[in-house]
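Reader: Please take me through one part of this chain at close range, and then show how the rest is put together around it. I would like the residues named.

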Amino acid sequence: MIKATQPFTAAPISGPLRDARGLSAALVAHFAEHVARCGTLPGDALRGEVTAVTRTCLELAAGVLEGRDVSAKVERLQRAGADWAREGIPIGTIHRAVHDGFALGFDLIVDATGPEDYARLAVTARRLFEVLAIVDSAFAVSYVREHREVVAEHHTAVHTVASALLAGHPASTMARAGGIEIDESYYVLALSIPPHPGEDDPRVDGEVVARRKLRRVQSELARGGRGRALSLLSADGGTVLLPAAEVTPAELGDLVDGLSTAAQVPVTATVIHAETHRIPEAAEQAHELLDMVHRLECAPGLHRFDDLAMEYQLTRPGPAREYLGTLLDPLDAYPELLETLRRHIGNDLSRRHTARVLGVHTNTVDNRLKRIGQLTGFDPAQPSGLWYLRSALVARSYRKSERVRIGRPDTMVASSAAK
């Protein structure tokens, strides 16, 4: 039960607010003229719902000033707030109307008092602040609750449609029900999101840190995807479907950079463009490409299929892959050479960057690359030798282990296995 506290020194002044019917009509006229959003409402809405809620606010104020239970009035305001939230009326408009109404009501109280009523006016002012807090809170609670329900409904619809598209199932009916438009083609992104440093900090809850990271990524994805991205994401990564009509190829890199900034860790992504009916195989291909990027220890960021088509083809099983995978066997006894080669290729052949990552001098990197050429017979300084070494590194990473599904949500793995 919500009830006002007892007055401190004197009974508050509530008389000017008792004509709730007449006063509410005057306030609604003020809202229609001075509060922008209210001025666009049809007349019957102003005379009906808005006037009724305004009267409820006045009755609540009088009830608090007179020490009555106002719980029913608060529930009435919350129901109205939920209705207005669903209708898309901004909460700022509601707060502006509430504050204007309280200012006008307080002016009436001040005009009705004389110098001898100072003590009662002070108590009334205190109580009106209490009323203002109750009304603001009632609308805020209803708006937040409604927003959460809408977000939950939309998230469920997005999850359902994304799952159907990734599984190759018809999704048009579900999309219409969820207010989601399906495009003719999509950019299919496979994302890998590394752990945030806070996830391993024993002083904080790692799961909370991971959830906050995921929420930031989802928020940035909604912004960068212009509200039309479909995704299945976990704190480790997942799959994103971006309508090709909404995002240009040039913007994809910026979008992944924005996700890295939001996650506060470097995000790695691969992308495949595909028509809608080809999304399942495109997603499979994108995650295979992402797995390869990780095996080659490439730098974070966006990696396109066109730039890695040769490496991708080398991952296909066959005698060529088996042969190439043996070319680096002479380096088995020299793990530092194999690591240098892997880092050097992963860093786009930057000797300085490789040296910094390994913690050695650039001359040391040069000496190791020369030694690699001597042991394998392929000179990393020559284009042909580098081609074979890079190919061998790709093939070798697949020779002794199965592909791991990096960043793939369980739902996608399950659907793929079922197919």
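Author: Start with a single pairing between two strands: leucine 230 has leucine 241 of strand β3 as its bridge partner. This is a predicted model, and what follows is computed from it.

Leucine 230 and leucine 241 belong to a pair of strands, β2 (residues 230-234) and β3 (residues 237-243), which run antiparallel and are joined by five bridges. The connection from β2 to β3 is a hairpin of two residues. Strand β2 is largely enclosed by the rest of the structure, because four of its five residues are buried. As a general point, side chains in a regular strand alternate between the two faces of the sheet.

Strands are one part of the chain, which has 17 helices and five strands. Of its 419 residues, 47% are buried. Among contacts between residues at least 6 apart in sequence, 70% join residues at least 24 apart. The chain exposes about 21200 Å², and carbon and sulfur atoms supply 54% of that area.

Next, the interior among the helices. The largest nonpolar core has 35 residues, and those that touch the most other members are Leu60, Leu77, Trp84, Val135 and Phe139. Helices α1 (20-34), α3, α4, α5 (91-111) and α6 each supply at least two residues of this core. Helix α6 gives the most, with nine residues. In soluble globular proteins, nonpolar side chains tend to be buried together.

Leucine 77 shows what such a position looks like in detail. Leaving aside residues up to four places away in sequence, leucine 77 touches Val53, Thr56, Cys57, Leu60, Val135, Ala138 and Phe139. Apart from the largest core lies another, of 28 residues, which includes Leu328, Ile372, Phe378 and Tyr398.

Threonine 54 is in helix α3 (residues 43-65). Threonine 54 counts as buried because its relative accessibility is 8%, under the 20% limit for that class. Its contacts, again not counting residues up to four places away in sequence, are Ser24, Leu27, Val28 and Phe31.

Now the aromatic rings. The chain has three aromatic pairs. One of them joins tryptophan 84 and phenylalanine 139: the ring centres are 5.9 Å apart and the planes are at 15°, so the pair is stacked. Tryptophan 84 lies in helix α4 (residues 71-86) and phenylalanine 139 in helix α6 (residues 118-167), so the pair ties together parts that are 55 residues apart in sequence. Both rings belong to buried residues, with relative accessibility of 9% for tryptophan 84 and 1% for phenylalanine 139.

Tryptophan 387 and tyrosine 388 form an edge-to-face pair, 5.2 Å centre to centre with 80° between the planes. Tryptophan 387 counts as partly exposed at 40% relative accessibility, and tyrosine 388 is also partly exposed, at 33%. Phe378 joins Trp387 and Tyr388 in one aromatic cluster, and Phe378 is also among the members of the core of 28 residues.

A last ring has a charged neighbour: arginine 371 lies over the face of tyrosine 334, at 5.7 Å from the ring centre.

Notes
Residues numbered from 1 in each chain as written. Heavy atoms only, no water. Buried < 20%, exposed > 50% of the residue type's maximum accessible area, 1.4 Å probe, protein only. Contact = heavy atoms within 4.5 Å. Areas by Shrake-Rupley, 256 points an atom, 1.4 Å probe, with all protein chains shown as cover. Phe/Tyr/Trp six-rings, centres within 6.5 Å; stacked < 30°, edge-to-face > 60°. Lys NZ or Arg CZ within 6 Å of the ring centre and 35° of its normal. Pairing = 2+ DSSP bridges. Core = buried A, V, L, I, M, F, W, Y, C linked by side-chain atoms within 4.5 Å.
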